[in-house]
Structure formats: structure tokens, C-alpha cells
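Work through the following exercises with the sequence and the model open side by side. Each task is followed by a solution in steps.

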Amino acid sequence: MTRRILVTGAAGMLGSELLLRVPSDCAAIGTDLRAAGAGAPAVAAVGIDLADDAAVAKLWREHGPFDGVIHGAAYTAVDQAETEEALALRVNATACAVLARACARAGVPLVAVSTDFVFDGEGVRDASGAVRPYREDDPPRPLAAYGRTKLAGELLALAEHPRGTRIARTQWLYGPRGKHFPGTIVRAAKEKGALRVVDDQRGAPTTTLELAPALWDLVRADAPSGIYHAACEGVCSWYDLAKASLEEAGLAHVPCDPCKTAEFPRPAKRPAYSALDAGKLAALRGRRLKSWREALRDFFAAGA
Ligand SMILES: NC(=O)c1ccc[n+]([C@@H]2O[C@H](COP(=O)([O-])OP(=O)(O)OC[C@H]3O[C@@H](n4cnc5c(N)ncnc54)[C@H](OP(=O)(O)O)[C@@H]3O)[C@@H](O)[C@H]2O)c1
């Protein structure tokens, strides 16, 4: 039987990829504030305020019933969130609670996408003293408003729908549609001809091409509720990612030098180290997401 899955944020970078990668046993119904851009799959329900219980109940009546929800909608402007925390909280936390309540009422799973920004970036050390990737049960401690609001969303969703909420934390996301780091680097290399990129923040760049199938698996699986880390394998700095992007784009000759975060002050503090240990999700799916380097190669090879 075909499972009808509501995908929120369906016009966004991740949501549009989710709509393109619907498994054969599912049908996706997309919702977002706005219609999809050119070349992206159409969004079925536009302009729904997910932080409003009545609006979500109406969505459920008119487009449902749904057999699950993948919640990709979010307030993602990390720096702007510093001055708009109330709005970010409404989108990132209240909407999670509203959707979790709706899913609990219907008895269906909710996959809510979250972020590495719930961690402080100080890292956790293993027995040998080396910093290891964050595990799901490592204590969160967000450094800035965006991470605070996303953590609040995680907690509310788990509280409202304790048996059916699966939080999927990801990081350093990029994909064929939307604004992202590899695209910005390639554009800047062509426009400026020389670049400086920070090399003291480390994480795992994760492509929506790899993440979307993992989220589909997570909503379809008979998986325990709780937190799952969902990121490509390995760890690198933004500088490493810039160099690799230039290589893949045939721009390796463009000068690119490392620099420090302190040289580029931004309103929101970022975690210095935020690699995520995705072993729990890998055990569920029977495979890991690709390494960040291989996934980057695939992304450029696909002409994205
Ligand atoms: N991008 C990253 O590096 C990254 C890293 C870790 C985790 N994540 C998480 O991954 C998920 C997807 O991120 P993304 O990069 O694909 O984000 P995105 O491209 O910004 O997509 C999010 C979508 O949600 C929509 N939205 C905003 N407020 C809404 C509301 N009140 N009701 C309904 N829809 C609303 C946005 O519409 P507008 O554009 O019109 O506002 C946008 O289309 C988010 O949960 C994000 O927190 C992202």
C-alpha cells in the first residue's frame, strides 16, 4: 500500500530533494510557505503556517491523512536568528510541537530534521584523549540563537510525540537547489580570482543527495523514537571543502589560502568542531552515508 508522507519545507534545499527521491512505496505531499522555484518539483500546499495548530489540522483534512511526516521546514538564517530569535523559535520549535501533536493524534512517525549547531564545538574526547565525533547522547549546548531554537524543537517534538519522533541531526548541508558553500566558493573563485577560507571549523559536509534517501528510510523504518545523527562520513575544515570544490569545478589553479574564524567575525558563534557520529543510523539502514569527499565528487559530476 502506498504511504502518504507530508514533506515540509518542500521548496527548500533539502525538501526539494526529498520530493525528487520518493521511494516507490510512498507518495510525497509537499508543503512550504512559497511555491517551488524553477526546475524543482511542485509543492502541493503553499502558504501553510506550521506553527498554527488549526492550519496544520486543516492541511491534514484537505491533503491527508498522512502516514508520516518529514519535517524539513526551518528558519535557517543562522546570523539573522541572533536578532530574530522569537521568529526563529516559532518556526523551529513551535512548528515542531504542532506537527508532533498532529502525528501523535494520527499515530504516525515524525522525522524532524535538526542540526550540529546544538553542540558547543568543544568536542568530546575518547579514551586516548583524541576528539571524537558527537554521539546522539552527548550533551547539547548551543552557542547561538539558531541552535537554541532547533534544540527547543527537538525537545518539544520528543515531548509531544515520545513514541513516534525521530530527530535527524545533520550538518554542513548542500545540494543541487539552494544557496550553499560549494556553490558560493565556485562563484567567488570566478568573480574574485583569489580566496581566503577558515580552516579552524571542522565538520562533515553532507549532500542532500545522500541525506534525502536516509530520511526516507527513517520515516519508513520501524525505528525506535529518539535522535539519529545523519551526516556524510569523515571530517574536514571549510578550507578543505573549498579546495576540494575548486578541484571538482576545474578551478584548482585559483589561489585559496587558509585563515582563522576570528578574521571573519559573524553575529552567530559557530561550533569549532561538530562532526557527527552517524553509526546509529548506519546500523538501522545497513549502510553509511558516503564520505564527504566522495559525495562532493558525485555532486559536481551530476552537474549540480
Ligand atoms: N543548510 C544547512 O547547512 C543545514 C545544516 C544542518 C541542518 N539543517 C536543517 O536541515 C533542514 C533543511 O534545511 P535547508 O538548508 O534545506 O533549508 P531551506 O532551504 O532554508 O528550506 C527550509 C524551508 O522552510 C521554509 N519555511 C520557513 N519558515 C517556515 C514556516 N513558518 N512554515 C513553513 N515553512 C517554512 C522556508 O521557506 P522560505 O525560504 O520562504 O523562508 C524554506 O523553503 C532544516 O531543518 C535545517 O535546520 C540545515
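**Exercise 1.** Determine in which sense β1 and β2 pair, and over how many bridges.

*Solution.* Strand β1, residues 3-8, runs parallel to strand β2, residues 26-32, and six bridges join the two, where pairing requires that DSSP finds at least two bridges between the strands, and where strands are DSSP runs of E with at least two residues and helices runs of H or I with at least four, numbered from the N terminus. Next, locate one bridge: R3 has C26 as its partner in β2. Finally, place the pair in its sheet, which is open, has seven strands with parallel pairing and follows the order β3-β2-β1-β4-β5-β8-β13; its edge strands, each pairing on one side only, are β3 (45-46) and β13 (226-229).

The model is a predicted one, in which local features need pLDDT of at least 70 and side-chain atom pairs count only at pLDDT 80 or more, while totals for chains, interfaces and linings use all residues. Residues are numbered from 1 along each chain as its sequence is written.

**Exercise 2.** Check why the span of α6 agrees with its number of residues.

*Solution.* Helix α6 covers residues 208-220, which is 13 residues. The expected span is 1.5 Å times one less than the number of residues, so 18 Å should result, and the end C-alpha atoms of α6 are indeed 18 Å apart.

**Exercise 3.** Decide how many residues of α6 are buried.

*Solution.* Count a residue as buried if 20 or more other C-beta atoms, placed from the backbone, lie within 10 Å of its own. By this criterion 10 of the 13 residues of α6 are buried, among them W216 and E210.

Note on methods. A residue is buried if 20 or more other C-beta atoms lie within 10 Å of its own, exposed if 12 or fewer, and partly exposed in between; C-beta atoms are placed from the backbone.
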